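Please read the following report alongside the sequence and the model. It takes up helix packing, the nonpolar cores, some single residues and a few backbone features.

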Amino acid sequence: MLSTKPISEVTWDDIEEFCQEQHSESANVEYKENFPKNLEKTLSAMANTIGGIVLIGVKETNESKPELPLVGINFERGLKEKVQQIILDNITPPFQPEVEVIKNQTGDKAIVFIRIPQSKVKPHAINRNTLVYRRTGNISTPEELVSIDVICKYLDEQQDSIKQKENLYSQSTKRYINYLEQYKKAPEYSSSITPEIDTNAFVRVFCCPSFPFDKLTTPPELRSAFEKIQVSDPYQGGIKFPQSHFLTNDQRGMLVKDGTIFLNPIRDRGLSYCDLNIYGSSFVQYPLGENPQSKTVRLSEVLVRTYVFLSSAISFYKSLEYWGTVDIKIMLGNLYNKRFFPDWYQWPYENYFCSPDNEATCEASHSVSELSTQLKEIHFSLVRSLLWSIDFELDQGMIETVWKKL
């Protein structure tokens, strides 16, 4: 729960419940009875490794487990700022973890909860930029001084992570094309498929951990978590997304070697495709509703679909208990000769918007917690820049009209 719950909603009871589970200190969990002299060492080491949580105000036992009942530290103003200042003064380059000061019922005691994501810009150094540490998971030596070879490896990993994300994205794209060809040849659908299916406008959303090197789950576990991943799709009358009705009798998706795939025929449009990978990538491609005569597409569907798919990605990461940084890419494809109109206005609408390019993309990076708590703000920022590609300026009032229907 501490890994996935929005940090602003974490309570003293949540901390107590976590401690009652008696999690030992590890590579990604650290207890501190009070503010230590070298907090920057722990924070930078976690950012250099896989991230983690630090609880200041929780005393540990001889077995490095939390001691109950919780005592906390004396509450005073500025505890959150104290953590931030330690980072700014002592860590190079600095980073910004999530920090929340959680008070007890009487308000005189507090626990400082720090949640650190795995960093995209590691290595982070301390001691005037001379020492780099990483977490080991070893109770006796929780932090280990990093050699120059490991520092070089960190730098190489940044390049490797880019290649890995490109491979995951490319694999999902190729799979979609393959399944679309199977869909077009399927006897139960081939008679109703139009020639325009290959050029139908579509929206694609890709979310992936910034460092997709660790397997976060297994294909069967993904299938078992199906109901946690599903979200309501208001553009389809509240039908859940994702659905799977093609090539499988199991609505929980079709297992593949590295994930689960959801395939759902969309009448008169094509094939809805969702690919969830064990490395934490979520890929969705969805055909947009298109008038075959006028080649017009509703912008409201673009806004609703992208919001639904981002919501589904959040559910996906919560089911994995992953709360690190994710890279987000949204794409509109097959835009040539298409006209978009914002149907939240009174119909008919005289002005249409077109793209000079066949595809448009926008990208961003956020922690899962940020994505959960700031979904509307992030969604607005992404789709606003996306729609500039078709000469359309989205304002706050327009998108709020759509959000009210969600």
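At what angle do helix H10 (residues 375-387) and helix H11 (residues 396-403) pack, and how far apart are their axes? In this predicted model, the two helices meet at an angle of about 120°, and their axes are 11 Å apart. That angle makes H10 oblique to H11, and the crossing of the two is right-handed. On the side of H10 the contact is formed by Lys376, His379, Phe380 and Val383, while H11 contributes Gln396, Ile399 and Trp403. Sorted by class, the residues of this contact are four nonpolar, two polar and one charged.

A second pair of helices can be described in the same terms. Helix H2 (residues 39-48) packs with helix H3 (residues 79-90) at an angle of about 80°, and here the axes are 10 Å apart. H2 and H3 are therefore roughly perpendicular to each other, since angles of 65 to 115 degrees are counted in that way. Leu39, Glu40 and Leu43 of H2 are the residues that meet Val83, Ile86, Ile87 and Asn90 of H3. This contact of H2 with H3 consists of five nonpolar, one polar and one charged residues.

The next topic is the nonpolar cores. Which residues have the most contacts inside the largest nonpolar core? They are Tyr317 and Leu394, in a core that has 81 residues. Helix H8 (residues 299-320) gives the most to this core, with 13 residues. Leaving out residues up to four places away in sequence, Tyr317 touches Cys207, Cys208, Pro209, Gly280, Ser281, Ser282, Tyr322, Val326 and Val368. Apart from the largest core lies another one, of 23 residues, and among its members are Val54, Val83, Ile91 and Ile126. One of these, Val83, is also among the residues of H3 that meet H2.

Several single residues deserve a closer look, and the table gives the place and the relative accessible area of four of them.

| Residue | Place | Relative accessible area |
|---|---|---|
| Phe246 | loop between strand E11 (239-241) and strand E12 (254-256) | 2%, buried |
| Thr325 | strand E17 (residues 325-333) | 14%, buried |
| Phe211 | loop between strand E9 (202-209) and helix H6 (219-224) | 8%, buried |
| Thr42 | helix H2 | 1%, buried |

Why does Phe246 count as buried? Its relative accessible area is 2%, and a residue is called buried when that value is under 20%. Beyond residues up to four places away in sequence, Phe246 touches Tyr179, Gln182, Tyr183, Ala186, Tyr189, Leu263, Pro265 and Leu271. Of Phe246 and its partner Gln182 it can be added that they are 64 residues apart in sequence, with a C-alpha to C-alpha distance of 9.8 Å in space.

Phe211 can be treated in a similar way, for it touches Gln118, Ser119, Lys120, Lys122, Gln158 and Ser161 when residues up to four places away in sequence are not counted. Phe211 and Lys165, 46 residues apart in sequence, are 8.2 Å apart in space from C-alpha to C-alpha. Gln118 and Lys120 appear again around Thr325, which, leaving aside its neighbours within four places in sequence, is in contact with Pro117, Gln118, Lys120, Cys208, Pro209, Ser210, Ser365, His366 and Ser367. Thr42, with its neighbours within four places in sequence again left aside, is in contact with Glu30, Lys32, Val54, Arg135 and Glu143, and Val54 is among the residues of the core of 23 residues.

The backbone is the last topic. Most residues other than glycine have a negative phi, and most peptide bonds are trans. Which peptide bond is cis, with omega near 0°? The bond from Leu68 to Pro69 fits this description, and Pro69 lies in the loop between strand E2 (52-56) and strand E3 (73-74). A cis peptide bond also joins Thr92 and Pro93, with omega about -15°, and Pro93 is located in the loop between H3 and strand E4 (98-103).

Positive phi values occur at Gln22, where phi is near 60°, and at Asn127, where phi is near 55°. Gln22 belongs to the loop between helix H1 (12-20) and strand E1 (29-32) and is partly exposed, with a relative accessible area of 29%. Asn127 lies in the loop between strand E6 (125-126) and strand E7 (131-135).

Notes
Residues are numbered from 1 along each chain as its sequence is written. This is a predicted model: local features need pLDDT of at least 70, side-chain atom pairs count only at pLDDT 80 or more; totals for chains, interfaces and linings use all residues. Side-chain values use heavy atoms; hydrogens and water are left out. Axes are lines fitted to C-alpha atoms, for helices over the stretch in contact, and angles run from 0 to 180 degrees between N-to-C directions. Helices (H or I, at least four residues) and strands (E, at least two) are DSSP runs, numbered from the N terminus. Angles under 35 degrees count as roughly parallel, over 145 as roughly antiparallel, 65 to 115 as roughly perpendicular and the rest as oblique. A crossing is left-handed if the near helix is turned anticlockwise from the far one by less than a right angle, and right-handed if clockwise. Contact means heavy atoms within 4.5 Å. Ala, Val, Leu, Ile, Met, Phe, Trp, Tyr, Cys and Pro count as nonpolar, Asp, Glu, Lys and Arg as charged, and the others, Gly among them, as polar. A nonpolar core is a set of buried Ala, Val, Leu, Ile, Met, Phe, Trp, Tyr and Cys residues joined through side-chain atoms within 4.5 Å. Buried means under 20% relative accessible area, exposed over 50%, partly exposed in between (1.4 Å probe, protein chains only).
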